[in-house]
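Me: I'd like to learn how to read a new structure. Can we go through it together?

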There are 2 protein chains.
Amino acid sequence: MRLGELSEATGVSPASIKFYLRSGLLAAGDPIHPTRADYGDRHVRRLALIQGLRSVVGLGLDDIRRILDAAIGADDSPAQRLMLLRTVQHVVLGLDGSPAEPSPSVDGLVQAMGWPGDPSEARFAVDRHVAAMEAAGIAPGADVLAAYGRAADAIAEAQLTVTHARDDLEDVILTAAIGMHMHNQLILKIVALAQASHSIRRYGGPPRDDG
Amino acid sequence: MRLGELSEATGVSPASIKFYLRSGLLAAGDPIHPTRADYGDRHVRRLALIQGLRSVVGLGLDDIRRILDAAIGADDSPAQRLMLLRTVQHVVLGLDGSPAEPSPSVDGLVQAMGWPGDPSEARFAVDRHVAAMEAAGIAPGADVLAAYGRAADAIAEAQLTVTHARDDLEDVILTAAIGMHMHNQLILKIVALAQASHSIRRYGGPPRDDG
DNA sequence: CAGGCTGGATAGTGCAACTATCCTATGAGC
DNA sequence: GCTCATAGGATAGTTGCACTATCCAGCCTG
């Protein structure tokens with residue numbers, strides 16, 4: 001299909017498609033004439049991925065590009081899929097990979113959950129984050145961490161299962177990134193629900209607008 | 001203190017302070033002369049709040065203004081604090097308050113956690129979110145929801161306790177918003193950690209860069 | 001009374017993500 | 001062969017947000 005048709009098929013304006021082509025987010029179509037290129041299904045999927053990462057997950061084009069770059073040349077093997085998953089996490093969480101001081105409470109969490117204790121980028125990120133929360137005076141208690149651990153274990157399992165059920169890498173990325181985001185928002189909303197419940201317990205009623 | 005001193009005290013440029021004054025995010029100082037105003041501690045705290053909500057939580061100035069508006073006229077009573085907390089959740093989560101179809105899995109969660117079953121904005125938000133996830137083919141299972149519920153309960157309790165220990169409303173807001181954000185990021189990172197662990201279990205090793 | 005700082009208004013900057021315009025080269029129709 | 005609409009490519013302009021810089025008048029100090 002031609003650019004105009006690709007635009008109609010995806011709902012993305014021709015100008016934006018051109019912009020993505022220029023930006024290197026979308027591969028050029030197969031040139032069938034000097035002034036004509038042919039776009040296919042992969043372009044449609046790629047555009048859907050870009051749109052999803054932008055509008056749902058809220059990533060910037062630079063971050064999207066980093067994820068896309070990781071997908072280039074990757075095959076469908078489990079190892080490559082995990083690699084891709086890791087890149088998505090890396091970008092979405094803004095991990096930087098530099099080592100951090102292990103936190104005792106995180107040690108406790110890892111042991112309680114039976115997770116491997118190897119230092120890793122994710123572990124560093126958790127350690128750093130817990131340290132930041134402690135510095136802010138809002139350190140998570142052992143019970144909170146334990147609850148997070150169980151929740152995280154359940155998400156991780158579900159995410160891996162869903163992710164590996166996907167056929168193509170665009171789907172893998174989209175499922176992983178949107179899954180992370182959606183689970184995250186879900187937890188926030190459940191916390192809001194829990195807080196409403198707790199405030200009822202403490203004060204006999206929810207906070208109300210109308211006095 | 002004068003504008004220049006307020007700037008030095010907070011690290012916010014005079015131009016930005018003027019901008020916040022114009023935007024209505026920061027109350028004008030007490031005019032001591034036609035061309036001189038006096039700023040006090042409340043301006044320092046307000047600026048710290050604005051900075052925190054912007055740089056840590058990532059809110060836009062419109063959202064910050066909505067939270068600030070809710071704080072105006074509020075007193076230190078538990079009810080007002082809860083009201084404020086609710087506004088913060090409202091803004092940070094983008095809740096809209098319109099009713100949603102109750103989801104059976106959320107019903108199950110609420111009953112399992114012993115939370116009050118009253119319909120509420122938070123409940124609607126959770127119902128809508130679960131529906132969206134189901135539509136996206138990434139519906140959370142009962143085990144995942146149960147784990148979230150326990151985690152949320154722990155956060156809510158901790159958050160309420162920490163929040164109510166704060167003295168002034170600026171602190172209440174900042175603690176609530178930054179707490180939400182930090183806990184949220186923490187969960188994401190713990191999920192990343194859990195995922196690394198699961199991938200080791202499944203495939204005998206973490207995904208690696210170096211092959 | 002001059003200079004500098006204050007506060008207030010207005011306009012400009014930088015970034016991100018588009019969006020509109022222009023240009024060139026076909027390729028279809030006559 | 002010639003014209004003209006259109007695709008594709010390059011360039012510049014727009015929008016929204018969050019500042020930032022400039023300008024101006026007042027007035028307090030020295």
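Me: Which residues are closest to DNA strand D, and how many surround it?

Reply: A residue is near a strand if one of its heavy atoms lies within 4 Å of it. Here 20 residues surround DNA strand D, and the closest are A:Leu3, A:Ala37, B:Phe19, B:Tyr20 and B:Arg22. Bear in mind that this is a predicted model, where local features need pLDDT of at least 70, side-chain atom pairs count only at pLDDT 80 or more, and totals for chains, interfaces and linings use all residues. Residues are numbered from 1 along each chain as its sequence is written, chains are lettered from A and ligands numbered from 1 in the order in which they are written, and side-chain values use heavy atoms, leaving out hydrogens and water.

Me: Which part of DNA strand D does the protein meet, sugar or phosphate or bases?

Reply: Of the strand D atoms within 4 Å of the protein, 68% belong to sugar or phosphate and the rest to bases. A polar side-chain atom of B:Tyr20 lies 2.9 Å from a phosphate oxygen of DNA strand D. A polar backbone atom of A:Leu3 is 3.1 Å from a phosphate oxygen. As for bases, an N or O atom in the side chain of A:Lys18 is 3.1 Å from a base nitrogen.

Me: Which helix gives the most to the surface near DNA strand D?

Reply: Helices (H or I, at least four residues) are DSSP runs, numbered from the N terminus. H2(B) gives the most, with 5 residues.

Definitions and conventions:
Polar contact = N/O pair within 3.5 Å; in protein donor to acceptor, adjacent residues only side chain to side chain. Helix = DSSP H or I, 4+ residues; strand = E, 2+ residues; numbered from the N terminus.
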